[in-house]
Amino acid sequence: MKLLRRGDSDNSDKRDVEVIESTAETPTETSGASGTVENGGASTPGKGRPTPKRREAEAKRRGPVAPAPLTSKEARARRKSTQGSKEERKAAAAVRRAESADRRARMLAGEDKYLLPRDKGPVRAYVRDLVDSRRNLVGLFMPLALILIMAMFLSPVIQSYVTLGMLVMMLFMAGEGYFLGRMINNKVRERFPDSVDGGFKLGWYAFVRASQIRKMRAPKPRVGPGDAV
């Protein structure tokens, strides 16, 4: 067994001190892992906290969320408080009514921007002009329907005659609707050869337009009966 001499014990003590000093200096040199980065002698301290999520940041900006109302009265009161005073609500309602009336007037005038999807496009405008330039038998559909409803309160004999007359008129209307659809499709193919709008769908659009009373058609007719289109 090797015995340590006094000099060796002193050297071992020195080595232990050096090891302790080196381990004490290690965190300082590698402090970049704990948030401090050495860059040319200057250190940048870290935030010391995780980056908040986007949802949490937006919620913090908006502030605390108000609790849900417990009663309908409380809900109405909260809704009124967010809508403003009574005069402001009346003014806003008047503005909405004016805008709605303006949009309806432009739609009835035939402006393409304000039309329904079924009425948009030059093809549909041309079909409307063709229908409006004719006097159609199917235009009597609504008046005859009213007569049939009124005849239900009369004597059975009158009801039978009215019903028979209505059946005959409906047969004529169906025949006219068929020929109207064919005529509309032929003229659309001549005027718009590249259009994909046609067939039964376009014929039905013309039939529905023709079956309405002239004053109730929307958009309003741009041509009169007998005008050239």
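Helix α5 (residues 122-132) supplies the largest share of the lining of the largest cavity, 4 residues. Helices (H or I, at least four residues) and strands (E, at least two) are DSSP runs, numbered from the N terminus. The model is predicted, so local features need pLDDT of at least 70 and side-chain atom pairs pLDDT 80 or more, while totals for chains, interfaces and linings use all residues. Residues are numbered from 1 along each chain as its sequence is written, and side-chain values use heavy atoms, without hydrogens or water.

**Exercise 1. Describe the largest cavity and its lining.**

Step 1. Start with the rule: on a 1 Å grid over the protein atoms alone, a cavity is a set of points where a 1.4 Å probe fits but cannot get out, and lining residues have an atom within 4 Å of a point.

Step 2. The count is 1 cavity of 30 Å³ or more. The largest cavity has a volume of about 60 Å³, the space filled by probe spheres set on points joined across faces, edges and corners.

Step 3. Now find its walls in the viewer. Ala109, Gly110, Ala125, Arg128, Asp129, Asp132, Arg209, Pro219, Lys220 and Arg222 line the largest cavity.

Step 4. Sort them by class: 3 are nonpolar, 1 is polar and 6 are charged. Here Ala, Val, Leu, Ile, Met, Phe, Trp, Tyr, Cys and Pro are nonpolar, Asp, Glu, Lys and Arg charged, and the others, Gly among them, polar.

**Exercise 2. Is Asp129 buried or exposed?**

Step 1. Place the residue: Asp129 belongs to helix α5, and it is among the residues lining the largest cavity.

Step 2. Check its accessibility. Asp129 counts as buried because its relative accessibility is 11%, and buried means under 20% relative accessible area (exposed: over 50%; partly exposed: in between; 1.4 Å probe, protein chains only).

Step 3. Look for its partners. Leaving aside residues up to four places away in sequence, Asp129 touches Arg222, Val223 and Val229, where contact means heavy atoms within 4.5 Å. Of these, Arg222 is also in the lining of the largest cavity.

**Exercise 3. Describe the two largest pockets.**

Step 1. A pocket is an open set of grid points with protein on both sides within 12 Å along at least five of seven lines.

Step 2. The largest pocket has a volume of about 250 Å³. Of its 13 lining residues, Arg118, Asp119, Tyr205, Val208 and Arg209 are the closest to its centre.

Step 3. Both α5 and α8 supply at least two residues of this lining, and α8 gives the most, with 5 residues. The lining of the largest pocket holds 5 nonpolar, 1 polar and 7 charged residues.

Step 4. The second largest pocket comes to about 150 Å³. Its lining includes Arg134, Arg135, Asn136, Ile213 and Pro225, and the classes are 3 nonpolar, 3 polar and 4 charged.

**Exercise 4. Which residues of helix α7 are buried?**

Step 1. Set the scene: the protein has 8 helices and 2 strands, in the order α-β-β-α-α-α-α-α-α-α.

Step 2. Helix α7 (residues 156-191) has 36 residues and reaches 51 Å from its first C-alpha to its last.

Step 3. Pick out the buried positions of α7: Met166, Met173, Glu176, Gly177, Leu180, Gly181, Met183, Ile184, Asn185 and Val188.

Step 4. Think about the spacing: an α-helix has 3.6 residues a turn, so residues three or four places apart point the same way.

Step 5. See what lies over them. The cover of the buried residues of α7 includes α5, α6 (141-151) and α8 (200-211).

Step 6. For context, buried residues make up 19% of the 229 residues in the protein.

Conventions
Expected span 1.5 Å × (residues − 1).
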